[in-house]
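Student: I would like to learn how to read strands, sheets, rings and enclosed spaces in a model. Could we take them one at a time, with the general idea before the case?

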Amino acid sequence: MPLLRLFLKPGVDKQNTEYGAEGGWVDADFVRFRYGLPEKLGGWTQFGSSLVNFVGLTSCIYTWNGLDGAPYAALGTNRKVYVFYGGAWADITPIRATGAVTFTTVSGQSLVTVNDAAHGAIQGDFVTFSSVTGDPGGIPNATLTNEFEIQEVLSANAYTILSPTPATSTAATTGTANASYQINVGSDTSFVDFGWGTGTWGLSTWGTPRPASAGLSLLSRVWQFDNYGENLILQLVDGSIFEWLPSGGISTRAVIISGAPTKSKFALISTPDRHLVCFGTESTLGDPTSQDPMFVRFSSQEDIGNFVATATNTAGGQRLTDGNEIISAARSRGQILIWTDTALHGQQFLGPPYTFGFQQLGSNCGIIGPHASADVNGVAYWMSKDAFFVFDGTVKKLACSVQDFVFEDLNIAQASLVNVGINTQFNEVTWYYPTLNSDRINRYVTYNYLENVWSIGTMARTAWHDTGTFDRPIATEYLPLDTEATITTIYGLTPGRSHLYNQETGVDANGLPLPAYIYSGYFDIGDGDQVLFMRRFIPDFKNQVGDLTVRLLLRLYPQTSATPSSLDPYIITPTTDKVDTRARGRQIQLRIESDELGSRWRFGTMRVDIQPDGFR
């Protein structure tokens, strides 16, 4: 029999059944589509010369160049903020308060009580002691001159830390020190309400609901970064806004922007006019209780600390109407796009006397989370709670061949974790999201906007930044049980670390095999009314390195269980010229798999020898 080309449409189709998706692909992992053909994803390696561990779950990565051209990177987690410069990382988490403390010790115990009236700390916060005197409880001053994680809040005036060495005597209110408290930590997951069990272990008494005043938030902590010149703007989503100045050196910390709103949902620097715009912010400046989730407030031009509108400046504000709260915003071509939970608005610079004009661009097209949108050359893509959208001058819903697969298994309670990554090298926008059985990011869905195809997989990335400052995309993975040492020594540090990777580097998962696979829909002869016999196939792979496994799954009817062919599986080496199969069935599914270290491949157009047959 003559050989036939096996043509398979690009993209993963989860909207149809495996039989209905004949002539296409129905499942994949670590596979992308390029030029209409599937290939294994690029791998990743650690960022920098050694693996760096960051405290907490990373929600935002941002890169930029200083005025001298030097590359910078910022990374914000639910517990810390870090900055990279000159090959080194530093902790720039803002300091919220300082105070004078004393210590209470118990002989033989490492748990030390710290006494500080109205300290304002919560469990898991970080405190650094300096100018320690008195060797409290026999613990050397140098031992306590360090950074500690607060283990338990005993009262408004006392909390505990874990000393690296135990006390040698029992002492009350002994020794003195200066304490610097970093801003309260946030959660790495979102809560449905403040009921029983909300928050960290031991935060409140057993059997009582957690009060909102206990420093809890319903949403996981998310950061939003931007630039004002070379300075870094740090918006704590639903919190305060800070600034970090490279001119002060990498060892300096970010500081709150005096005069800016104290509570906002999001923030951006508008271009080219350079206003600091706060979204979902205070209607009464400086009063967090006046936060209006639909109110937009902007600073005076070139003065990001001046939000008081006068006749001689360009500060001002505007309340939007369609929606319950502003979720996100992004700079796009000629305007800032503002997403609420239900609509899309545009903000355009007009100049005096109105400064900005606002218009609604679409309805019933809200966004799912603060980092769920991407702008590519003036075209915006975003994920809502039930669909994907694009704005290219008009809001349109994207036709998605995996829509039900994604949204029927989406954990809406953790929507604030959803984040998007742009990979311009491969014309891809990828959303990373948590499934119903997970409170963590554990899946991705990718849209190739040039070829209009979709793919899916299980790579978990909590934040992503495209090439630009660095020649590879960089992204983070969160390991909630990781206890590895971090860039600074912190005593009593609890588990949970982020790892930073150079993506699209090599073909392996940071030194481990990257298991990739793709499954086709079932194909048949005619309308499936004949039994077929596949005698052989000729594999066609480009740039293949390592062995591949090809499997043929056979079925008589769409609802019957699939069985492998008699010679299955078939190992394809880079030099395999043909494969004898002896596969017989009404429908056949093609599966391509690889899990070797260093493996690489790109599928071509397989030739198959198929003929009608019957069962003996």
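Student: Which residue stands opposite Ile-538 in strand 51?

Tutor: A pair of strands counts as paired when at least two bridges are found between them. In this predicted model, Ile-538 faces Arg-607 of strand 51, and the two strands concerned, strand 43 (residues 531-538) and strand 51 (residues 607-613), pair in the antiparallel sense over seven bridges.

Student: What is the order of the strands in the open sheet to which these belong, and what becomes of its edges?

Tutor: The order is 1-51-43-48, four strands with antiparallel pairing. Strand 1 (4-5) and strand 48 (579-585) are at the edges, and each has a single partner strand, so one side of each is left without a neighbour in the sheet.

Student: Which strands are the edge strands in the sheet with the order 26-27-28-29?

Tutor: That sheet is also described as open, with four strands and antiparallel pairing. Its edge strands are strand 26 (326-332) and strand 29 (355-363), each of which pairs on one side only. Neighbouring strands here are turned against each other by 25° on average, direction ignored. Strand 26 is joined to strand 27 (residues 335-340) by six bridges in the antiparallel sense, and Arg-331 stands opposite Ile-336 in strand 27.

Student: How should I read the two faces of a strand, and is strand 34 buried or exposed?

Tutor: In a regular strand the side chains alternate between the two faces of the sheet. A residue is called buried when its relative accessible area is under 20%. Five of the five residues of strand 34 are buried, so this strand is largely enclosed by the rest of the structure. Asn-419, Gly-421 and Asn-423 lie on one side and Val-420 and Ile-422 on the other, and both faces are covered.

Student: Which strand does strand 34 pair with, and how many bridges join them?

Tutor: Its partner is strand 35 (residues 428-433), which runs antiparallel to strand 34 and is joined to it by five bridges; within this pair, Asn-419 stands opposite Tyr-432. The hairpin of these two strands has four residues between them, and Asn-427 takes a positive phi near 60°.

Student: Where does strand 35 contribute to an enclosed space?

Tutor: A cavity is a space where a probe fits but cannot get out, whereas a pocket is open. Strand 35 gives the most to the lining of the largest cavity, with three residues, and strand 3 (31-34) and strand 36 (443-448) each supply at least two. This cavity has a volume of about 100 Å³; 13 residues line it, and those nearest its centre are Arg-32, Leu-41, Glu-428, Thr-430 and Thr-446.

Student: What is the volume of the second largest pocket, and which residues are closest to its centre?

Tutor: The volume is about 790 Å³. Of its 29 lining residues, Tyr-62, Ser-373, Asp-375, Ile-422 and His-465 are the closest to the centre. The strands that each supply at least two lining residues include strand 26 and strand 34 (419-423), two strands discussed above.

Student: How many aromatic pairs are there, and how is one of them classified?

Tutor: The count is 38 aromatic pairs. One of them, Trp-223 with Phe-225, is tilted, at 6.1 Å centre to centre and 35° between the planes, and both residues are buried.

Student: Which residue lies over the face of Tyr-522?

Tutor: Arg-555 does, at 3.8 Å from the ring centre; likewise, Arg-461 lies over the face of Trp-44, at 4.4 Å from the ring centre.

How values were computed. Residues are numbered from 1 along each chain as its sequence is written. This is a predicted model: local features need pLDDT of at least 70, side-chain atom pairs count only at pLDDT 80 or more; totals for chains, interfaces and linings use all residues. Side-chain values use heavy atoms; hydrogens and water are left out. Rings of Phe, Tyr and Trp (its six-membered ring) pair if their centres lie within 6.5 Å; planes under 30 degrees apart count as stacked, over 60 as edge-to-face and the rest as tilted. Buried means under 20% relative accessible area, exposed over 50%, partly exposed in between (1.4 Å probe, protein chains only). A charge sits over a ring if NZ of Lys or CZ of Arg is within 6 Å of the ring centre and within 35 degrees of the ring normal. Axes are lines fitted to C-alpha atoms, for helices over the stretch in contact, and angles run from 0 to 180 degrees between N-to-C directions. On a 1 Å grid over the protein atoms alone, a cavity is a set of points where a 1.4 Å probe fits but cannot get out, and a pocket is an open set with protein on both sides within 12 Å along at least five of seven lines; lining residues have an atom within 4 Å of a point. Grid points are joined across faces, edges and corners, and a volume is the space filled by probe spheres set on the points.
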